Amino acid sequence: MGDTTPVEYMRRTREYYAAHGYEKPYVWAHFSDIPFAPLAKPLSDSKVTIVTTSMPDASYVKKQRRFHLGDLHNPPAGFFTDDLFWDKDATHTKDINSYFPGQQLAAEVAAGSVGSLAPHYYGVPTSYSHRQTLTVDAPQVLQSCQDDGVDVALLVPL
Amino acid sequence: MSLVARVLEENGISTIVIGSAKDIVEYCGVPRYLFTDFPLGNPCGRPYDHTSQRLIMSQALAMLDNCEVPGTTIDTGLVWDDSASWKPNFARVGDDNRAALLAAGDARRSAQAAIREKNISAQ
């Protein structure tokens, strides 16, 4: 059996970008308090959505990444993932079900363990700026969840 | 994405983060986190493997049902492969690629400087 220790992504990423000549190390978000919203109702009565970091197509590359939403009942066959920071040597994203669980969630709805699919899934950009995420992107997701009557969100960052 | 989870929770929407960058997610602090020790890119299961994909979904729903303590992490127990050879390879820096990484960084900075210059000229 190989190494079972989780990868130290923060240390590894700092060293990787330092080797690229970037002098200022990235500062990850950190909070000592953690908010908690208990389930307001059983999952079998809840409306559930999915939030992904992938984008619809290549027009959303780099700084063009932005909030988007789509039909959770008819999600696309795949998303644009090429410019996200995932392990392109070890794996691939040709199977959408490996990073966006639309089919799995629909199966749980069909089985009755989840009440219903929300009308939309949401896509949020991974942003270098915490402020961008906290003041622009997260409020857009929140507003959309409220508009759609979402009870539970599954967040699946690549 | 962990920041989005926090904002939704603060506003009464229950969330779970499903993914692989354990240290980053836990450092931020999210209410419920389902961790799988896979390479980044497949938070919802191995490609074309319905068994692991269904397992992760069912574990996520069970965690939503049962978790009562914010900041809880559960490990799905799934293993990518026995060798774990992908772990040391990701974002690797070594004597054999250090010069190439620095050259790539230099090229990127030059390209970004050229774009900035062009934007200033256009103003």
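**Helix α1 of chain B and the contact between chains A and B**

Let me begin with the residues of α1(B) that are buried, which are S2(B), L3(B), V4(B), A5(B), R6(B), V7(B), L8(B) and E9(B). I should say at once that this is a predicted model, and what follows should be heard with that in mind.

The helix α1 of chain B runs over residues 2-10, and because eight of its nine residues are buried, it is largely enclosed by the rest of the structure. As for what does the covering, chain A contributes elements that include β1 (47-52), α3 and β5, while β1 and α2 (22-28) of chain B are also among the elements that cover these buried residues. After α1(B) comes G12(B), and the phi of G12(B) is positive, near 90°.

Turning now to the contact between the chains as a whole, 67 residues of chain A are in contact with 64 residues of chain B. On the side of chain A that touches chain B, at least two residues each are supplied by α1 (9-19), α2 (102-111), α3 (130-148) and β5 (152-156) of chain A, and the largest share, eight residues, comes from α3(A). Sorted by class, that side of chain A has 41 nonpolar residues, together with 15 polar and 11 charged ones.

Finally, there is strand pairing across the two chains: β5(A) pairs with strand β1 of chain B, residues 14-19, in the parallel sense and over four bridges. Within this pairing, where does L155(A) stand? L155(A) stands opposite V17(B), a residue in β1(B).

Technical notes. Residues are numbered from 1 along each chain as its sequence is written. Chains are lettered from A and ligands numbered from 1 in the order in which they are written. This is a predicted model: local features need pLDDT of at least 70, side-chain atom pairs count only at pLDDT 80 or more; totals for chains, interfaces and linings use all residues. Two residues are in contact if their C-beta atoms, placed from the backbone, lie within 7 Å. Ala, Val, Leu, Ile, Met, Phe, Trp, Tyr, Cys and Pro count as nonpolar, Asp, Glu, Lys and Arg as charged, and the others, Gly among them, as polar. Two strands pair if DSSP finds at least two bridges between them. A residue is buried if 20 or more other C-beta atoms lie within 10 Å of its own, exposed if 12 or fewer, and partly exposed in between; C-beta atoms are placed from the backbone.
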